[in-house]
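Here are my notes on the model you sent over. Have the structure open while you read.

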Amino acid sequence: MSPELANLILTGVGETLYMVIVSTLVAYLLGVPLGVILYVTDSKGIHPNRLVNLTVGIVVNVLRSIPFLILLVMILPFTRLVVGTTIGSTATIVPLVVAAAPYVARMVESSLKEVDAGVLEAARAMGSSVLQMIVRVVLPEARPSLLLGAAISLATILGYSAMAGFVGGGGLGAIAVNYGYYRYQLDVMLITVVLLVIIVQIFQEGGLALVRKTDKRLR
Amino acid sequence: MRYQQLATDRPQFRKARLVIELRHIEKTFRPGKETVTAVKDVSLVIGDGEIFGIIGFSGAGKSTLVRCINLLERPTSGEVIIDGTDLTKLSAKELRAARKRIGMIFQQFNLFSQRSVAANVRYPLEIEGTPKAEAARRVTELLRLVELEDKADAYPAQLSGGQKQRVAIARALASNPSIILCDEATSALDPLTTHSILELLRKLNQQLGVTIVVITHEMRVIEQICSKVAVMSDGQVVERGSVRDVFLRPQSETARRLIHPTPQTGLSAAAPVNTLRLAFTGEESGAPVISDLTVQCNAMVSILSANTENIGGRPFGQMLIEMPDDKAAQRRICDYLDARGIVYERGDEGSDRMPSPVDEA
């Protein structure tokens, strides 16, 4: 492999990690509150509110049903507004967050729903307020499931980020498209795919290891 | 008012200050199209420092009823008066404060799985905003009370069932409640552990004066710690009184089915005509009644089942015997038992006796 190519691929890995990690962080910043709202306001939740639940639910569902490639193109003006450009890895973060936040919201909601109803009942019997139940009971009890969800989200967002390579995004996806697809350099394509697989493995196994280490039920 | 009448009619209720008063509690659910009434017009009074049992078979409505006491289930109608305050009329904030005065333990323990034992016990103090140092001291004190000081840093998954329930008890006590509700708290435990948990509850009742409400389907639980009992069936209280009275002379079919030693030979509808259930109290338990009876009455009886238990510090026992077909011999046996003052029930009487309307509610 030529040094230029190696350099190119190394930069690609860096860009991919940058896009994926930043997008996931921002997506969680938005997705966790949304997921908590969906969970709390559910008809069987801690504080049911049909109107709020329905509104947030519809927004989340609409965003989730738009295919990522279309969303990417659709929100180009918004992307330009936020970061000033539509090309490169920073520009890709915007659509990644828009696509991932609703996904994260549903992941968080389903993790919170796994918390044992009996534990919630005990917390309620002890005189906990809704906020105390969320912060001190539901989120900590759901921690292992939330961590697993984060690992899955990382892998999903990584997949999205590779797609962005088709429309001027950076990272390994762009390399695969530009060299592998447009220039028929199958070896470059293969290398990027292998690297993507390795990154997903690291995220997934790292997440699992973290869960195993921190889940107090597995002792 | 009806409830006041009740309080003056019964001396044992008059002397103790009332802590829990349930007035005409009704709870209906609407799971689908049809309405299910889980609790039907139940009124109960529970005095300060009592250990009060509520017993019934599955689906009798006892778990719903106990959840009406701390309003985990809001009654469809009726009043829940704790220490003179009607909880159903409180604001959300006032209700949360009231709940801190009512501890609760559960069949499945419901500990926080991601918190250590000490952090579980500390939870009620955290939400009350107790200063850290004071909370830590209190946690140590509570863990000592339930004899789990050495498990402070363990997590629930590392504990046995009995230990988990002890942690739950310590946690329930953290906010200094005057009442503890036990919802089938020993039903997931083996008999030996059940015994030790019940002894712990009795100790807390005696040392801290906390009022305890025990929900169970097991008569042995009631026998071991309760002073009074209410029997529930189909959402209603069908019988109530001191544990001694209900045990010796059960009036309702439900109580009889709960008490009788073995279901196969119990005096249910299909009981054989010639059976007798003998109930012993105190000193009679030790006396050789059956040998004496056989000699005195010149009649052979066979023992179908027998057991004795310690109830409230006094030995109680019951025995199911089968008499000979000879009517004269049967009369001699009954006369003998009457003469010795032993309480008994006949199988043929038991079967057609209807649940009596002892429910004051």
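The points below go through chain A, then the contact between the chains, then the sheet in chain B.

1. First, a caveat: this is a predicted model. Everything below is computed from those predicted coordinates, so please read the numbers in that light.

2. Chain A is a helical affair, with 10 helices and zero strands. Written out along the sequence, the pattern is simply α-α-α-α-α-α-α-α-α-α. The C-alpha trace of chain A spans about 65 × 45 × 25 Å along its principal axes.

3. How much of chain A is buried? Of its 219 residues, 42% count as buried. As for who touches whom, take the contacts in chain A between residues at least 6 apart in sequence: 68% of them join residues at least 24 apart.

4. Have a look at helix α5 of chain A, residues 89–113. Its 25 residues should span 36 Å at 1.5 Å a residue, and the end C-alpha atoms are 35 Å apart, so the expected and modelled spans agree. There is still a kink of about 30 degrees in α5(A), at A:Ala100. The proline A:Pro102 comes shortly after that kink.

5. Is that helix mostly covered or mostly open? Mostly covered: 21 of the 25 residues of α5(A) are buried.

6. Now the contact between the chains. On the chain B side 20 residues take part, and they meet 19 residues of chain A. Three elements of chain B, namely α4 (92–99), β6 (102–106) and α5 (117–128), supply at least two residues each to the side that touches chain A. Of the elements in chain B, α5(B) gives the most, with four residues. By type, the chain B side divides into 10 nonpolar, six polar and four charged residues.

7. Chain B also has an open sheet of six strands, in the order β6-β7-β8-β3-β9-β10, with mixed pairing. Why do β6 and β10 (236–242) of chain B each have a side without a neighbour in the sheet? They stand at the edges and each has a single partner strand, so one side of each is left free of sheet neighbours. From one strand to the next, the twist averages 15 degrees. Strand β6 (102–106) of chain B is worth a second look, as it also supplies at least two residues to the side touching chain A.

8. Finally, one pairing inside that sheet. Strands β3 (residues 51–55) and β8 (residues 211–216) of chain B run parallel and pair over five bridges. If you want a spot to click on, B:Ile54 has B:Ile215 in β8(B) as its bridge partner.

Note on methods. Residues are numbered from 1 along each chain as its sequence is written. Chains are lettered from A and ligands numbered from 1 in the order in which they are written. This is a predicted model: local features need pLDDT of at least 70, side-chain atom pairs count only at pLDDT 80 or more; totals for chains, interfaces and linings use all residues. The expected span of a helix is 1.5 Å times one less than its number of residues. The bend at a residue is the angle between axes fitted to the seven residues ending there and the seven starting there. A residue is buried if 20 or more other C-beta atoms lie within 10 Å of its own, exposed if 12 or fewer, and partly exposed in between; C-beta atoms are placed from the backbone. Two residues are in contact if their C-beta atoms, placed from the backbone, lie within 7 Å. Ala, Val, Leu, Ile, Met, Phe, Trp, Tyr, Cys and Pro count as nonpolar, Asp, Glu, Lys and Arg as charged, and the others, Gly among them, as polar. Two strands pair if DSSP finds at least two bridges between them. Axes are lines fitted to C-alpha atoms, for helices over the stretch in contact, and angles run from 0 to 180 degrees between N-to-C directions.
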